[in-house]
Amino acid sequence: MNAAPPGHALRILTVDDNRETALSLKDAVEDFGDTAFVCFKGNEALELAASIRPDVILLDLSMPDIDGVDVARILRADVRLAGVKIIAVTAYGDAETAAAGFDLHLTKPVRFDVLSDMLDLLRLAPKS
C-alpha cells in the first residue's frame with residue numbers, strides 16, 4: 001500500500017454500522033496517509049458529511065437506521081457535497097449502487113490493496 005503523495009491527502013469518511021469494519025477501514029485510510037473520519041449510522045453520516053465535507057465517503061449499504069442507498073441519494077441532492085466521491089462498501093452486488101449515484105463499489109471483505117488503488121485514482125481525478 002502506498003502512502004498518499006505529499007499535498008494529496010484525501011479527507012475520507014467511513015460509514016458502517018459494524019464498528020470493527022468501520023474502524024479497520026479508518027485505520028487503513030490513515031495508513032495510506034489520508035485523513036479519516038468514522039461514524040456508524042446513516043443519519044450520523046449525513047450530519048458529519050455536511051460538517052466536514054469529505055473528498056470520499058466509504059459507505060456501507062446495509063445499516064439499520066437509514067440504508068446506504070438512501071444516504072447516497074440524500075448526499076447527491078446536497079449541492080454542498082457535489083464533488084464528493086462515494087464508494088459503496090458492501091457484500092451485495094453493484095446494480096443498485098450505480099443507480100443511487102455511487103462512484104465506485106468495493107465488495108466485503110475489503111481488500112486494502114484495491115481500496116488503495118481506488119483512492120490513488122481519485123487523487124488523480126480533477127476536483128469538481
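Start at Leu-13, which lies in strand E1. The model is predicted. Leu-13 has a relative accessible area of 0%, so this residue is buried; the cut-off for that label is under 20%. What surrounds Leu-13? Setting aside neighbours within four places in sequence, its contacts include Phe-37, Val-38 and Cys-39. Ala-45, Leu-48, Ala-49 and Ile-52 are also among them. Pro-54, Val-56, Ile-57 and Leu-58 complete the list. One of these contacts, Ala-49, sits 36 residues from Leu-13 along the chain. The C-alpha atoms of the two are separated by 7.4 Å.

Now step back to the whole chain. There are 5 strands and 5 helices. Read from the N terminus, their order is β-α-β-α-β-α-β-α-β-α. Of the 128 residues in the chain, 45% are buried. Take the contacts between residues at least 6 apart in sequence: 64% of them join residues at least 24 apart. The chain exposes about 6,500 Å². Carbon and sulfur atoms supply 53% of that area.

Return to E1 and follow the chain onward. E1 covers residues 11-15, and strand E2 covers residues 35-39. The two strands pair in the parallel sense, over 5 bridges. One pair of bridge partners is Thr-14 and Val-38, the latter in E2. Helix H1, residues 19-31, joins E1 and E2 in a β-α-β unit. What is the handedness of this unit? The unit made by E1, H1 and E2 is right-handed.

Helix H2 comes next in this tour. Which residues of H2 are buried? They are Gly-42, Ala-45, Leu-46, Ala-49 and Ile-52. These residues lie on the same side of H2, because they cover an arc of only 155° around the axis. The face turned away from that buried side carries Glu-47 and Ser-51, both exposed. The buried residues of H2 are covered by elements including E1, E2, E3 and H3. Two of the names return from the Leu-13 list: Ala-45 and Ala-49 are in contact with Leu-13. After H2 comes Arg-53, whose phi is positive, near 50°.

Next, the nonpolar cores. The largest has 22 residues. Which residues have the most contacts inside this core? They are Val-15, Ile-57, Leu-59, Val-71, Leu-75 and Phe-102. Several elements each supply at least two residues of this core: E1, H2 (42-52), strand E3 (56-60), helix H3 (68-77) and strand E4 (85-90). A second core is separate and has 17 residues. Leu-25, Ala-28, Phe-32 and Val-56 are among its members. Val-56 has appeared before, as a contact of Leu-13.

The last stop is Leu-115, in helix H5, which spans residues 112-124. Is Leu-115 buried or exposed? Its relative accessibility is 0%, so Leu-115 counts as buried. Not counting residues up to four places away in sequence, Leu-115 touches Leu-25, Phe-32, Leu-58, Leu-106 and Val-110. Leu-25 and Phe-32 were named above as part of the second core. Leu-58 is also a contact of Leu-13. Ile-87 gives a further reference point for Leu-115, at 28 residues away in sequence. From C-alpha to C-alpha, Leu-115 and Ile-87 are 9.6 Å apart.

Notes:
Residues numbered from 1 in each chain as written. Predicted model: local features only at pLDDT ≥ 70, side-chain atom pairs only at ≥ 80, totals over all residues. Heavy atoms only, no water. Helix = DSSP H or I, 4+ residues; strand = E, 2+ residues; numbered from the N terminus. Buried < 20%, exposed > 50% of the residue type's maximum accessible area, 1.4 Å probe, protein only. Contact = heavy atoms within 4.5 Å. Areas by Shrake-Rupley, 256 points an atom, 1.4 Å probe, with all protein chains shown as cover. Pairing = 2+ DSSP bridges. Right-handed = clockwise from strand over helix to strand, strands pointing away. Core = buried A, V, L, I, M, F, W, Y, C linked by side-chain atoms within 4.5 Å. Arc of directions from axis to C-beta.
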